[in-house]
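This report goes through a single protein structure, taking its open and enclosed spaces, its overall build and some of its packing in turn. Please look at the sequence and the structure before reading on.

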Amino acid sequence: MSADLRRSPLHERHSALGAKFAAFGGWDMPLEYAGGGVLREHAAVREAVGVFDVSHLGKARVTGPGAAGFVNSCLTNDLGRIGPGRAQYTLCCDEATGGTVDDIIAYLHADDHVFLIPNAANTAEVVRRLQAAAPPSVTVTDEHEGYAVLAVQGPRSTEAVAALGLPTDHDYMSFATVDDLVVCRTGYTGEHGYELVVPAGRAVEVWDRLFAATPDLRACGLGARDTLRTEMGYALHGQDLSPDITPVQGRVGWAVGWDKPAFWGRDALLAEKAAGPRRTLRGLEALDRGIPRAHMRVLVGDDEVGEVTSGTFSPTRKLGIGLALLDTAAGLADGAEVEVDVRGRRSKMRVVKPPFVKPQVR
């Protein structure tokens, strides 16, 4: 491990389970576990229950009079659509270009308290931008290493979380607080699930209690997390969204409060929406044995019409799937056939609308 990589407070637990580690967003995180592997871990979440340590995700707190209004004037989605105890997917965009600096889950505790979970690699930049814009009454605090996050996901996730005596009956995209632990009905897998935001000092205790209460609970790494989210068509920042890929291009315009008077990148995004984006994120489904991977070229005849941003083998569908930025000018409707250059061999694929599997989040 590189000396400058951060470690989860559960690192030793992962080592004891035979985890294979990989660098991700500046953290040394489990990719998969001995006796499991991506396919078994993926199946556990689709069919039963698995737990991911996603403590690498960022944490930031915005507090003070007018905190919620301040956040709402910066990030794209409209916090006015939700009330305290609810969570919302939103985006931090560049003011000038509308490019996606990060995608974030915002937890609205009160008008004077919003908790944010950005991506690991972008936390410092999101905090920097918010701190630079905050009025004197509002404090923005980087709490990246202060909390662990455990994602308990799958059809039996309610059983696993309830076994700890934690609340489980709240709606999707809401949360409940028990002492210093927050139980969120959120996730990144497309399955019914919970994310437990736990003070770092309690992470080992909660992890151990989960496994003691649910002996067949499977630890899952970031490899399975990626195949699960790709099957759902969920964007990964740095691939499907980035400072060069706007929410309009990434087809997450539903997370933009278009009628709000202010948010970062508003003018650029409104102009792009009105003109129509030059490229959009679409789904690809293999018609042969090819597996799309990031940066592979998408072709129609001899014309390059786009690039794969994310791709994998779908353990559920047993075929190659992916997301790709396709040129709007190519006029490719859902169902259109294209080819992907898979290491020099052309693989036939169909343009589709994600998700690739039916969501079960509720």
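## The second largest pocket

Two strands, S17 (303–314) and S18 (319–327), each supply at least two residues of the lining of the second largest pocket in this predicted model. Of the elements that contribute, S17 gives the most, with four residues. The lining is made up of 13 residues in total, and those nearest the pocket centre are Ile 245, Arg 279, Glu 307, Thr 309 and Leu 325.

The volume of this second largest pocket is about 190 Å³. By class, its lining has four nonpolar, five polar and four charged residues.

## Overall build

The protein contains eight helices and 20 strands. Its radius of gyration is 20 Å, close to the 21 Å that the globule rule gives for 362 residues, so the protein is as compact as a globular protein of that length. Measured out along its principal axes, the C-alpha trace spans about 60 × 50 × 40 Å.

Of the 362 residues, 56% count as buried. The accessible surface of the protein comes to about 14,800 Å², and carbon and sulfur atoms account for 51% of that surface. Among contacts between residues at least 6 apart in sequence, 66% join residues that are at least 24 apart.

## Enclosed cavities

How many cavities of 30 Å³ or more does the structure hold? There are two of them. The largest cavity has a volume of about 40 Å³. It is lined by 13 residues, and the closest to its centre are Tyr 172, Thr 186, Gly 187, Glu 191 and Val 361. The lining of this largest cavity divides into four nonpolar, seven polar and two charged residues.

The second largest cavity holds about 30 Å³ of space. Its lining consists of Val 71, Asn 72, Leu 75, Asn 77, Leu 79, Gln 88, Thr 90 and Ala 106. Helix H3 (67–74) and strand S6 (86–93) are the elements that give two or more residues to this lining. Four of the lining residues of the second largest cavity are nonpolar and four are polar, with no charged residue among them.

## Helix H2 and its neighbours

Helix H2 covers residues 37–47, and its buried residues are Gly 37, Glu 41, His 42, Ala 44, Val 45 and Arg 46. Which elements do these buried residues pack against? They pack against four strands and a helix: strand S3 (27–33), strand S4 (50–53), strand S10 (147–153), strand S14 (218–220) and H7.

## Thr 227 in helix H7

Helix H7 runs over residues 222–232 and includes Thr 227. Is Thr 227 buried or exposed? Its relative accessible area is 6%, which is under the 20% cut-off, so Thr 227 counts as buried.

Leaving aside residues up to four places away in sequence, Thr 227 touches Val 38, His 42, Thr 312, Phe 313 and Pro 315. One of these, His 42, is also among the buried residues of H2. Thr 312 and Phe 313 fall within the range of strand S17 (303–314), the strand that gives the most to the lining of the second largest pocket.

Conventions
Residues numbered from 1 in each chain as written. Predicted model: local features only at pLDDT ≥ 70, side-chain atom pairs only at ≥ 80, totals over all residues. Heavy atoms only, no water. 1 Å grid on protein atoms, 1.4 Å probe; cavity = no way out; pocket = protein on both sides within 12 Å on 5 of 7 lines; lining within 4 Å. Points joined across faces, edges and corners; volume = space filled by probe spheres on them. Nonpolar A, V, L, I, M, F, W, Y, C, P; charged D, E, K, R; others polar. Rg over C-alpha atoms; globule rule 2.2 N^0.38 Å. Buried < 20%, exposed > 50% of the residue type's maximum accessible area, 1.4 Å probe, protein only. Contact = heavy atoms within 4.5 Å. Areas by Shrake-Rupley, 256 points an atom, 1.4 Å probe, with all protein chains shown as cover.
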